[in-house]
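Q: I'd like a close look at one part of this protein. Could you walk me through the largest pocket, and then follow one of its residues outwards?

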Amino acid sequence: MDASHFLDYHSIFSSSKEIRQLLKEQISHASLLIVNKTDLVSSKKLQKVMTKINEIASNQAKIILSEYGEVSFDELLEARIKTMNLLSSNSSNHLPHHTIKAIKIEDIPFIDRKTFVSWLKELPKDVIRGKGFVRFHDDPFLYSFQFASKKVYFEKVDGSTTETPIIILIGNHLDPSTIRSSFDYAFYV
């Protein structure tokens, strides 16, 4: 979880009911919670974030605070829960139901950086996260990008990579055709 935007995601003023419900379900069913970007918030704000998380999280969930996503592999690989076979016909497991989707956009031309940032920021609120690789008109390098909370971060990729441009958007109740149409309109019209 992003400590710097966590409270925004849970606010009725800056997120949808569906997003708040989805996040609540994810936190309440998690066995490991990583609260990242703690360096970007004051101790008072971090305390508010932790209070909210503790209200929702399971008592058995382990919570780790981190900066820059730095968490030891031992922590990440530790066995925490038993897996269950969801294909079993006699299973009576009731799992939370939500409609999270990942949409992939491929065959991406060289694009304009400012137009790309504007397009991302104008996506529906239900887009929680975006990531991928893009190339810009004015630059020969491939860039990875991360998009969350209406903020975009770019990082130049090493020249030896075999990655090709791709955009992946993750969110709740996303309509692939609407998003593809908005992309085509932004970059092909």
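What follows is a tour of that pocket and of the salt bridges.

A: Sure! Keep in mind that this is a predicted model, where local features need pLDDT of at least 70, side-chain atom pairs count only at pLDDT 80 or more, and totals for chains, interfaces and linings use all residues. Residues are numbered from 1 along each chain as its sequence is written, and side-chain values use heavy atoms, with hydrogens and water left out.

The largest pocket has a volume of about 710 Å³. (On a 1 Å grid over the protein atoms alone, a pocket is an open set of points with room for a 1.4 Å probe and protein on both sides within 12 Å along at least five of seven lines; lining residues have an atom within 4 Å of a point. The volume is the space filled by probe spheres set on the points, joined across faces, edges and corners.)

Who lines it? There are 24 lining residues, and Met1, Asp2, Tyr9, Ile128 and Arg129 are the closest to the pocket's centre. Helices H1 and H2 (17-29) and strands S1, S4 (127-135) and S5 (142-148) each give two or more residues to the lining; helices are DSSP runs of at least four residues (H or I), strands of at least two (E). H2 provides the largest share, with 4 residues. By type, the lining splits into 16 nonpolar, 5 polar and 3 charged residues.

Now let's follow Asp2. Its side chain meets that of Lys37 in a salt bridge, at 3.4 Å from N to O; the cut-off is a Lys or Arg side-chain nitrogen within 4 Å of an Asp or Glu carboxyl oxygen. This pair ties together distant parts of the chain, 35 residues apart: Asp2 sits in the segment before helix H1 (6-9), while Lys37 is in the loop between strand S1 (32-35) and helix H3 (43-56). Asp2 is buried, because its relative accessible area is 16%, and Lys37 counts as partly exposed because its value is 25%. (Buried means under 20%, exposed over 50%, and partly exposed in between, with a 1.4 Å probe and protein chains only.)

The whole structure has 2 salt bridges. Besides Asp2 and Lys37, Arg180 and Asp184 pair up, at 3.0 Å from N to O. Those two both lie in helix H6 (176-188), 4 residues apart, about one turn of the helix. Arg180 is partly exposed at 28%, and Asp184 is partly exposed at 27%.

Conventions:
Nonpolar A, V, L, I, M, F, W, Y, C, P; charged D, E, K, R; others polar.
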